[in-house]
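Welcome! Please have a look at the model below, and then we can walk through a helix pair and a couple of backbone details together.

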Amino acid sequence: MNLKSDATVSPESHGEIHRFRHEAMATYFEILLVEPDVSYARQASQAAFERLDELERELSRFIEGSDIHRINNSQPGTDIPISLDTYTCLEECIEIAGSTEGAFDITIGALQKQIAEGQIENFDESLEAALENTGSTWLELDRKQCRVHRNKPLLLDLGGYGKGYAVDAMAAILEDWELNCALIHGGHSSVRALDPPPGQSGWPVAIKSPNTQIVPHKSLDLANIAWGASGLNEIPHIIHPHTGQPVTDKTAVWCRTSRAATADALSTAFMVMSVDDIERYCRLHNDIEAILIVDDEIITLK
């Protein structure tokens with residue numbers, strides 16, 4: 001997803017910080033880490049990028065043979081064996097769909113297809129059919145067998161979750177290599193910070209609005225936290241799962257929580273939810289903070 005919402009890091013003043021970049025999931029991922037041995041840093045980053053590529057092969061709906069591609073092309077009612085990663089993603093996405101009352105929904109592929117084909121105007125027959133084949137409640141998971149069963153021809157898309165899940169998985173790889181002073185981002189919209197550079201309170205990250213007329217809200221020093229961003233660009237692409245209509249009432253949302261996958265999903269959900277509903281959600285989950293731009297007004301909720 002090409003968002004103008006941005007997270008940029010300026011590491012030059014923090015000593016031995018190495019930056020590694022890798023293209024995947026239709027964007028690029030970067031790792032910034034502190035490590036005196038550049039060769040060791042490069043090897044660890046390569047291991048993290050290999051994990052990223054592995055996840056893309058499992059989670060992308062565009063890669064033939066991936067778990068999501070096989071699910072989308074199976075007959076409804078068929079039990080599909082999937083990897084543990086895919087199972088974990090689906091389980092967590094269904095849980096978030098429930099907690100947001102369906103504002104986050106990975107089954108809106110049919111609605112996204114209508115937009116791509118330029119057919120989304122009012123409630124015509126094609127839109128009604130797409131809405132009929134949407135909803136996480138039509139997915140059934142078998143934990144013991146690691147299988148998924150869909151009761152309707154749902155089209156799954158993990159675009160609002162998979163990138164963050166990959167960032168979290170990459171962070172786990174770096175921690176396995178005992179490289180705990182690092183920052184990882186995917187396309188600038190999924191950010192996970194581990195320990196900060198020595199002598200710093202956090203990794204400096206600036207969040208910017210997609211609307212260049214709005215001054216960036218603030219700079220953040222991130223440490224042991226994740227931020228996810230969602231926002232509008234030239235083509236409406238965030239769909240309200242209940243109506244099938246593109247979201248237009250917010251410009252951008254940033255969400256802070258402990259995991260990049262959760263932050264990504266909630267930033268998407270918060271684009272759909274009302275401000276009052278987001279405020280209630282944040283009150284119920286005290287580890288979550290949201291920054292919204294609504295009608296050129298910046299609102300912070302936590």
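Let's begin where two helices meet in this predicted model. From α1, the residues A44, S45, A47, A48, F49, R51, L52, L55 and L59 make contact with G162, Y165, A166, A169, M170, I173 and L174 of α6. Sorted by character, the residues of this contact comprise 13 nonpolar, two polar and one charged.

How do the two helices lie relative to each other? The axes of α1 (residues 38–59) and α6 (residues 162–176) come within 9 Å and cross at roughly 150°. Because angles over 145 degrees count as roughly antiparallel, α1 is roughly antiparallel to α6. The crossing of α1 past α6 is right-handed.

Now for the backbone. A26 is not a glycine, yet has a positive phi, and C146 likewise shows a positive phi in a residue other than glycine. Here they are side by side:

| Residue | Phi | Loop | Relative accessibility |
|---|---|---|---|
| A26 | about 65° | between β2 (17–24) and β3 (27–34) | 80% |
| C146 | near 55° | between β5 (139–142) and β6 (147–150) | 16% |

Are these two residues buried or exposed? A26, in the loop between β2 and β3, counts as exposed because its relative accessibility is 80%, and the cut-off for exposed is over 50%. C146, in the loop between β5 and β6, is buried, since its relative accessible area is 16% and buried means under 20%.

Conventions:
Residues are numbered from 1 along each chain as its sequence is written. This is a predicted model: local features need pLDDT of at least 70, side-chain atom pairs count only at pLDDT 80 or more; totals for chains, interfaces and linings use all residues. Side-chain values use heavy atoms; hydrogens and water are left out. Axes are lines fitted to C-alpha atoms, for helices over the stretch in contact, and angles run from 0 to 180 degrees between N-to-C directions. Helices (H or I, at least four residues) and strands (E, at least two) are DSSP runs, numbered from the N terminus. Angles under 35 degrees count as roughly parallel, over 145 as roughly antiparallel, 65 to 115 as roughly perpendicular and the rest as oblique. A crossing is left-handed if the near helix is turned anticlockwise from the far one by less than a right angle, and right-handed if clockwise. Contact means heavy atoms within 4.5 Å. Ala, Val, Leu, Ile, Met, Phe, Trp, Tyr, Cys and Pro count as nonpolar, Asp, Glu, Lys and Arg as charged, and the others, Gly among them, as polar. Buried means under 20% relative accessible area, exposed over 50%, partly exposed in between (1.4 Å probe, protein chains only).
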